[in-house]
Amino acid sequence: MTRNIITLTLNDLAIAFKNKSIFLIIFIPFFVFFSLNLVDMEASDVRKIKIGLIQNENYAPVILQTITAADRVFTVTRVSNEEVGKRWLKEKKIDGLLLRSEKEQNSLVLVVLKKESLQTLSIVESFIALQKAVEGNSINWISDIKPLQEGGIQKQTLPTWILMLVLLVGFIIMPAQVAEEKEKKLLLALLQTPMREIEWLIAKLLSGMILIFTAVLLLHLMGNFEPGNILSYLAFIVVGSFCFSSYGIFLGFLCRNQASARTLGVMFYLPHLLPSALSDFSQKLTAVAPFLPSYQFYEPIKSILLNEGGISNLSLEWIYLLLVGLVTFFFSYLLMKKRWLM
C-alpha cells in the first residue's frame with residue numbers, strides 16, 4: 001500500500017513537471033516578491049514627504065520658512081504653475097501640492113491624489129506638528145484638502161476590478177479554450193470542413209470580447225457605477241477586449257494542452273496585473289508599467305472613471321492597444337496556418 005501511494009505521488013509530481021504546473025509554485029511567489037520590492041516600502045513617517053510649491057504663489061512667510069527649514073520632513077519642489085503641479089502629482093513626482101487659500105488668510109489648500117490615503121494623513125499630521133511647534137494652537141495652516149480622484153473606495157478600486165476581469169478572460173479563459181480544441185483535435189476536424197482559418201479566429205475573438213463585455217457590464221450593474229464619458233469608456237473597453245482576447249488566442253496556440261495553457265496564462269496574467277494595479281503606490285512601478293499593454297488599458301480606464309478623461313487625450317494608448325491586438329491576431333493566424341502543435 002505504501003509503495004503504491006509513493007508511486008502515485010511521484011507520478012503526480014512527474015505530471016506536474018510535464019504539464020509545467022510546477023512552474024507556478026516557483027513563479028508566483030518569486031514574481032509577487034519582485035513586484036512588492038518595487039513598491040515604495042519606506043514607512044510614511046520616515047520617508048521625506050515631497051511637497052510641491054508654485055513658484056510665483058504668495059505664501060505666508062512663516063509657513064514658507066517653516067516648510068523650507070524642515071528639511072528632515074519635507075523635500076520642497078518648485079513647479080511653474082498649478083497644472084504642472086497636478087501632473088507631477090499624478091506621476092508621483094510629488095506627494096502633495098500646496099496652494100494659497102482664497103477664503104482664509106495665511107492658510108493653505110492641500111492638493112493630493114487621494115484624500116482617503118495614509119500618505120495624505122501623514123502630510124496633514126506633519127503640518128499640524130510643525131504648526132504647533134511654531135505657533136502653538138492657532139488656526140490650522142491647511143484649511144482644505146482637494147483630491148484629484150473623487151469617489152469612495154468602491155469607485156476608486158473599480159478600474160482594478162475591470163483590469164482583473166479583462167485579464168482573466170484574456171490570459172486564463174481564452175488560452176485554455178484554444179488549447180482544449182487543439183488537444184481534443186476539434187480544431188483539426190473543423191479545418192477539414194469548408195471553414196477557413198480566419199473565420200475561426202474571428203469567431204473566437206468575438207466570443208472573448210463578448211465575455212469581457214458581459215463581465216464588465218455585470219460589474220457596473222451590480223455596483224451601480226456610471227462612467228462619466230461613456231463613449232470614451234466604451235471605446236477603450238472595445239479595444240481592450242480586442243487586444244487581450246487576441247493576446248489570449250495567441251498564447252493558446254503556443255501550448256499543446258489545457259494544463260500548459262493555464263500555466264502560461266497565469267505566468268502572463270500576474271506580470272500584467274500587479275505592476276499596473278500597484279503603480280499607484282510606487283514611482284518605480286510607474287516607470288516600468290507603461291511598457292505593458294495592461295497599463296495602457298488600466299490608466300485610461302482610471303482616467304475616464306475617476307478624472308473624467310476622454311479619448312481625445314488618450315489616443316496614443318488606444319492606438320497602442322489596437323496595434324498589440326492586430327499583431328497577436330496576425331501571429332495567431334500564422335500559427336494556425338502551420339497547424340502549430342496540433
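## Two helices running in opposite directions

Angles over 145 degrees between the directions of two helices count as roughly antiparallel. In this predicted model, the axes of helices H9 and H12 cross at roughly 160° and come within 10 Å, and H9 and H12 are therefore roughly antiparallel to each other. The crossing in which H9 passes H12 is left-handed.

Which residues meet where these helices touch? From H9 (residues 230–253), the contact is made by Ser-232, Tyr-233, Phe-236, Ile-237, Gly-240, Cys-243, Phe-244 and Tyr-247, while H12 contributes Pro-293, Ser-294, Gln-296, Phe-297, Pro-300, Ile-301, Ile-304 and Leu-305.

## Helix H12

Helix H12 (293–307) contains 15 residues, and the distance from its first C-alpha to its last is 21 Å, close to the 21 Å expected at 1.5 Å a residue. Of those 15 residues 13 are buried, so H12 is largely enclosed by the rest of the structure. Just after the helix comes Glu-308, which takes a positive phi of about 55°.

## Helix H13 and its neighbours

Helix H13 covers residues 315–337, and its 23 residues should span 33 Å at 1.5 Å a residue, which agrees with the 33 Å that separates its end C-alpha atoms. After H13 comes Arg-339, with a positive phi near 55°.

The buried residues of H13 are Leu-321, Val-324, Gly-325, Thr-328, Phe-329, Ser-332, Leu-335 and Met-336. What do these buried residues of H13 pack against? Their partners are helix H7 (186–191), helix H8 (197–223), H9 and H12, so the antiparallel pair described above, H9 and H12, is met again here among the neighbours of H13.

## The five-stranded sheet

Elsewhere in the model, 5 strands form an open sheet with mixed pairing, in the order S2-S1-S3-S4-S5. Strand S2 (74–79) and strand S5 (142–147) stand at its edges, and because each has a single partner strand, one side of each is left without a neighbour in the sheet. From one strand to the next, the twist averages 30°.

The partner of the edge strand S2 is S1 (residues 49–54), and these two strands pair in the parallel sense over 6 bridges; within this pairing, Ile-51 has Val-76 in S2 as its bridge partner. Helix H3 (residues 61–69) packs on the sheet, where it touches S1, S2, strand S3 (96–100) and strand S4 (108–112), and the direction of H3 makes about 120° with that of S2.

How values were computed:
Residues are numbered from 1 along each chain as its sequence is written. This is a predicted model: local features need pLDDT of at least 70, side-chain atom pairs count only at pLDDT 80 or more; totals for chains, interfaces and linings use all residues. Side-chain values use heavy atoms; hydrogens and water are left out. Two strands pair if DSSP finds at least two bridges between them. Helices (H or I, at least four residues) and strands (E, at least two) are DSSP runs, numbered from the N terminus. Axes are lines fitted to C-alpha atoms, for helices over the stretch in contact, and angles run from 0 to 180 degrees between N-to-C directions. Contact means heavy atoms within 4.5 Å. The expected span of a helix is 1.5 Å times one less than its number of residues. Buried means under 20% relative accessible area, exposed over 50%, partly exposed in between (1.4 Å probe, protein chains only). Angles under 35 degrees count as roughly parallel, over 145 as roughly antiparallel, 65 to 115 as roughly perpendicular and the rest as oblique. A crossing is left-handed if the near helix is turned anticlockwise from the far one by less than a right angle, and right-handed if clockwise.
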